[in-house]
Amino acid sequence: MEDCIFCKIANGEIPSATIYEDGDFRAILDLGPASKGHALLLPKKHYADLFEIPDEDAAKAFTTAKKVAGALMKAAGAEGIQIVQNNGEAAGQTVFHLHIHMIPGYKKDGHPGAVWNPGTLNDADRNEIVENIKKYL
Ligand code: 5GP
Ligand code: ZN
């Protein structure tokens, strides 16, 4: 993808604060971190989101995120780490090259990463989704 910034970063055409690299992935520090050490795992191949990446590469992405996140927690002195991955504008995706967020958490700072206000599961939503999803799986 010619105009994709994460393609250029992942493939080393644009410099980045790289914390991990192998033949398929690069992990970089996020320029707008939610907490100290907030990093992104990028595949070197362009996939817009989770629905474009082949299953085998998606599995590899998650195991690589596991490895890097464990090391990142130790390197940053964090006590927890949030793994977040946004798909689509409606879900908060702003860069349309698949990436996995790794957001270290620190007891002293509270919860720095993605948070939501828990609602209450209502009968209409529950029935609609439990019924409809059968058509798509
Ligand atoms: P999204 O909202 O798409 O899930 O996440 C995009 C993330 O990429 C944001 O956290 C944003 O701070 C980060 N980001 C955007 N452009 C750049 C960049 O050029 N370099 C780095 N390191 N991070 C970026
Ligand atoms: Zn790309």
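Visitor: Where does ligand 1 sit?

Guide: Ligand 1 sits in the largest pocket. On a 1 Å grid over the protein atoms alone, a pocket is an open set of points with protein on both sides within 12 Å along at least five of seven lines; a 1.4 Å probe defines cavities, and lining residues have an atom within 4 Å of a point. "Sits in" needs more than half of the molecule's atoms within 2 Å of the grid points.

Visitor: Before we go on, what am I looking at?

Guide: This is a predicted model: local features need pLDDT of at least 70 and side-chain atom pairs count only at pLDDT 80 or more, while totals for chains, interfaces and linings use all residues. Residues are numbered from 1 along each chain as its sequence is written, chains are lettered from A and ligands numbered from 1 in the order written, and side-chain values use heavy atoms, without hydrogens or water.

Visitor: OK. Which elements give two or more residues to the shell around ligand 1?

Guide: Elements here are DSSP runs numbered from the N terminus: helices (H or I, at least four residues) and strands (E, at least two). For ligand 1 they are α1 (5-10) and β2 (25-29), with α1 giving the largest share, three residues.

Visitor: And how many residues surround ligand 1?

Guide: To be near, a residue needs a heavy atom within 4 Å. There are 16 around ligand 1, and the closest are Asp-30, Asn-86, Gly-92, Thr-94 and His-101.

Visitor: What polar atoms lie by the ligand's oxygen atoms?

Guide: A polar contact is a pair of N or O atoms within 3.5 Å; within protein, one must be able to donate a hydrogen and the other to accept it, and sequence neighbours count only through side-chain atoms on both sides. Asp-30 brings a polar side-chain atom to 2.5 Å from a ligand oxygen, and His-101 does so at 2.8 Å. Thr-94 uses a polar backbone atom instead, 2.7 Å from an oxygen of ligand 1. Taken alone, ligand 1 exposes 520 Å², and the protein buries 79% of that.

Visitor: Is Thr-94 buried or exposed?

Guide: Buried means under 20% relative accessible area, exposed over 50%, and partly exposed in between (1.4 Å probe, protein chains only). Thr-94 lies in the loop between β4 and β5 (100-105) and is exposed at 68%. For contrast, try Gln-82 in strand β4 (residues 80-84): it is buried at 16%, and a polar atom of its side chain lies 2.7 Å from the backbone nitrogen of Ala-114.

Visitor: Now charges. How many salt bridges are there?

Guide: Side chains of opposite charge can pair when their charged atoms come close. The rule asks for a side-chain nitrogen of Lys or Arg within 4 Å of a carboxyl oxygen of Asp or Glu, and the count comes to six. One of them pairs Glu-21 with Lys-44 at 2.7 Å. That pair links distant parts of the chain, 23 residues apart: Glu-21 is in strand β1 (residues 18-21), and Lys-44 is in the loop between β3 (39-43) and α2 (55-76). Glu-21 is partly exposed at 43%, whereas Lys-44 is buried at 17%.

Visitor: Which residue pairs with Asp-123?

Guide: Arg-126, with the closest N and O atoms 3.5 Å apart. The two are three residues apart in helix α3 (residues 123-132), so about one helical turn separates them. Back at Glu-21, shared partners join Glu-21, Arg-26 and Lys-44 into one network of salt bridges.

Terms used: Areas by Shrake-Rupley, 256 points an atom, 1.4 Å probe, with all protein chains shown as cover.
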